[in-house]
Amino acid sequence: MTSLTINGRAHTVTVPQDTPILWTLRDELGLTGTKFGCGMGLCGSCTIHLDGVAIRSCITPISAAVGKQITTIEQVENDKLGAALQAAWIDAGVPQCGYCQGGQIMSAIALLKRTPKPADSDIDDAMSGNLCRCGTYTRIRAAIKTVAAQGVKA
């Protein structure tokens, strides 16, 4: 059995230690907001936070999360910065098909927590691992810059 803290709540799961965090979240705990994309950590749709750092849950084993805080897209609305980003996302018209949005927002939160006033190059670097098949990159950048200008803190 493995004890985990996810979105501030304790959970116990019985899965092999090499099981990717993504499958534990989705299949064992029913937290389906985190999406499966490429399965190789390349598209970013599975992005979550592990102790506040954006990681790819499809390639990170559950053993890496023991004793750490996992935060998923389901928790974002309870975070001032996350809620502000979700509102800015909608205002900027970012969501299209929506598949990548959870991972995009998790990466944007991690960026703004470590760099509250990012330059365009900071945004491009932080978001470069999150692919959007709808091509909304300029809107994503605009939403991030809107929240940065508001000075919202986590």
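Partly exposed denotes a relative accessible area between the buried class, under 20%, and the exposed class, over 50%. The legends below refer to a predicted model.

**View 1. The salt bridge between Lys145 and Asp120 connects helices H5 and H4.** The side chains of Lys145 and Asp120 meet with an N to O distance of 2.9 Å. Lys145 belongs to helix H5 and Asp120 to helix H4, so this pair ties together parts of the chain that are 25 residues apart in sequence. Lys145 has a relative accessibility of 38% and therefore counts as partly exposed. Asp120, at 32% relative accessibility, is likewise assigned to the partly exposed class.

**View 2. Arg141 and Asp124 form a salt bridge between helices H5 and H4.** The closest N and O atoms of Arg141 and Asp124 are 2.6 Å apart. The pair links distant parts of the chain, with Arg141 in helix H5, Asp124 in helix H4 and a separation of 17 residues. Arg141 is partly exposed, its relative accessible area being 27%, and Asp124 counts as partly exposed at 37% relative accessibility. Through salt bridges that share partners, Asp120, Asp124, Arg141 and Lys145 are joined into one network.

**View 3. A salt bridge joins Lys113 of helix H3 to Asp79.** The structure contains four salt bridges. In the one shown here, the side chains of Lys113 and Asp79 meet at 3.7 Å, N to O. Asp79 is located in the loop between E5 and H2, whereas Lys113 lies in helix H3, so the pair ties together parts that are 34 residues apart in sequence. Lys113 is partly exposed, with a relative accessible area of 43%.

**View 4. Helix H3 is mostly covered by other elements of the structure.** Helix H3 comprises 14 residues, 101-114, and reaches 20 Å from its first C-alpha to its last, close to the 20 Å expected at 1.5 Å a residue. Of its 14 residues, 12 are buried; among them are Gln101, Gly102, Gly103, Ile105, Met106, Ile109, Leu111 and Leu112. The elements that cover the buried residues of H3 include three strands, E3 (47-50), E4 (53-56) and E5 (69-71). Helices H2 (80-91), H4 (120-127) and H5 (137-150) are also included in this cover. The helix H3 lies across E3, E4 and E5 and runs at about 35° to E3.

**View 5. Five strands form an open sheet with mixed pairing.** The strand order is E2-E1-E5-E3-E4. Strand E2 (9-13) and strand E4 stand at the edges; each has a single partner strand, so one side of each is left without a neighbour in the sheet. From one strand to the next, the twist averages 40°. Strand E1 (residues 2-6) pairs with E2 in the antiparallel sense over five bridges, and Thr5 stands opposite Ala10 in E2.

**View 6. Trp23 and Phe36 form a tilted aromatic pair.** The structure holds one aromatic pair. Its rings, those of Trp23 and Phe36, are 5.1 Å apart, centre to centre, with 40° between the planes. Trp23 is in helix H1 (residues 21-28) and Phe36 in the loop between H1 and E3, and the pair thereby links distant parts of the chain, 13 residues apart. Trp23 counts as partly exposed at 29% relative accessibility; Phe36, with a relative accessible area of 34%, is partly exposed.

Technical notes: Residues numbered from 1 in each chain as written. Predicted model: local features only at pLDDT ≥ 70, side-chain atom pairs only at ≥ 80, totals over all residues. Heavy atoms only, no water. Helix = DSSP H or I, 4+ residues; strand = E, 2+ residues; numbered from the N terminus. Expected span 1.5 Å × (residues − 1). Buried < 20%, exposed > 50% of the residue type's maximum accessible area, 1.4 Å probe, protein only. Contact = heavy atoms within 4.5 Å. Phe/Tyr/Trp six-rings, centres within 6.5 Å; stacked < 30°, edge-to-face > 60°. Pairing = 2+ DSSP bridges. Axes fitted to C-alpha atoms, helices over the stretch in contact; angles between N-to-C directions.
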